[in-house]
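I opened this notebook to record what I looked up in one structure. The entries follow the order of my reading.

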Amino acid sequence: MTDIMTPQQRHNCMSHIRSKDTKPELKVRQWLWSHGYRYRLCVKSVPGKPDIVMRKYRTAIFVNGCFWHGHDVVLLPPVKTFHETSLQKTSIQQIANSQCCKIPKTNRDFWVAKIRRNQERDLQNYQILQENGWQVIILWECQLKASLLEQTMRQVEVQLHDYFLRTFSRKAKPYILVDEEDLPMAAEEPEEYGLNL
Ligand SMILES: [Zn+2]
């Protein structure tokens with residue numbers, strides 16, 4: 001392939017790529033590529049701009065940062081309740097951190113609102129994709145650390161093939177089951193092994 005970029009252009013291009021590629025996403029892409037899977041990146045026409053789009057498997061993969069997308073946190077919306085003594089309206093928020101998403105104590109309301117908005121938007125995008133026949137796979141940053149990467153990606157592989165078979169084999173002719181009685185018999189006599197079985 002002929003290199004048509006000047007060094008400066010290449011530098012600009014590379015720094016652009018670097019700024020866009022979060023590390024966990026890169027790990028997923030590298031794994032997929034090295035195992036023979038091909039994909040497209042950040043396809044704008046697909047809702048929610050998934051990080052990885054695998055058209056062949058009709059699958060969109062989102063690689064989510066545990067903090068920004070609120071992995072496993074509890075962010076129940078404010079529950080309106082009455083104070084027992086003064087009957088004053090108060091709002092109680094049920095918020096719980098998770099192992100990989102700890103909401104900062106300062107500016108807590110800001111972070112909670114931000115993460116909640118992200119989660120709502122995520123959910124909307126996933127739903128649109130699913131309604132259009134796409135499989136949505138969500139990979140969390142914490143599932144992609146070195147010790148878990150292989151296991152996580154093997155599960156992704158199973159999901160890809162499973163969805164592929166279920167989606168694209170519907171038109172295939174059903175497998176015809178034959179009654180065992182209709183099968184030709186083997187004309188062999190049982191062998192004598194000289195054992196008292
Ligand atoms: Zn996580």
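The entries below concern one helix and a few loop residues of a predicted model.

**Entry 1: helix 2.** I began with the extent of helix 2, which runs over residues 23-34 and has 12 residues. From its first C-alpha to its last it reaches 16 Å, close to the 16 Å expected at 1.5 Å a residue.

I then asked which residues of helix 2 are buried. I found Pro24, Glu25 and Val28 to be so. They lie on the same side of helix 2, because they cover an arc of only 105 degrees around the axis. I noted the general rule beside this: an α-helix has 3.6 residues a turn, so residues three or four places apart point the same way.

Next I looked up what the buried residues of helix 2 pack against. Their partners are strand 2 (52-54), strand 3 (59-64) and strand 8 (135-140). On the other side of the helix I recorded Lys23, Gln30, Trp33 and Ser34 as exposed.

After the helix I checked glycine 36, which follows helix 2 and has a positive phi, near 85 degrees.

**Entry 2: positive phi outside glycine.** I kept in mind that most residues other than glycine have a negative phi. Against that background I noted lysine 49, whose phi is positive at about 40 degrees although the residue is not a glycine. I located lysine 49 in the loop between strand 1 (40-41) and strand 2. Is lysine 49 buried or partly exposed? I counted lysine 49 as partly exposed, because it has 14 C-beta neighbours inside 10 Å, and 20 or more would be required for a buried residue.

I made a similar note for asparagine 107, where phi is positive and near 55 degrees. Asparagine 107 sits in the loop between strand 7 (95-96) and helix 3 (108-131). With 11 C-beta neighbours inside 10 Å, asparagine 107 counts as exposed; the cut-off for that class is 12 or fewer.

**Entry 3: histidine 69.** I turned last to the loop between strand 3 and strand 4 (74-75), where histidine 69 lies. I found 19 other C-beta atoms within 10 Å of histidine 69, and therefore entered it as partly exposed.

Which residues does histidine 69 touch, leaving aside those up to four places away in sequence? I listed Asn64, Asn118, Gln119 and Asp122. I also looked up the pair of histidine 69 and arginine 117: the two are 48 residues apart in sequence, and their C-alpha atoms are 9.0 Å apart in space.

Notes
Residues are numbered from 1 along each chain as its sequence is written. This is a predicted model: local features need pLDDT of at least 70, side-chain atom pairs count only at pLDDT 80 or more; totals for chains, interfaces and linings use all residues. Helices (H or I, at least four residues) and strands (E, at least two) are DSSP runs, numbered from the N terminus. The expected span of a helix is 1.5 Å times one less than its number of residues. The arc is that of the directions from the helix axis to the C-beta atoms. Two residues are in contact if their C-beta atoms, placed from the backbone, lie within 7 Å.
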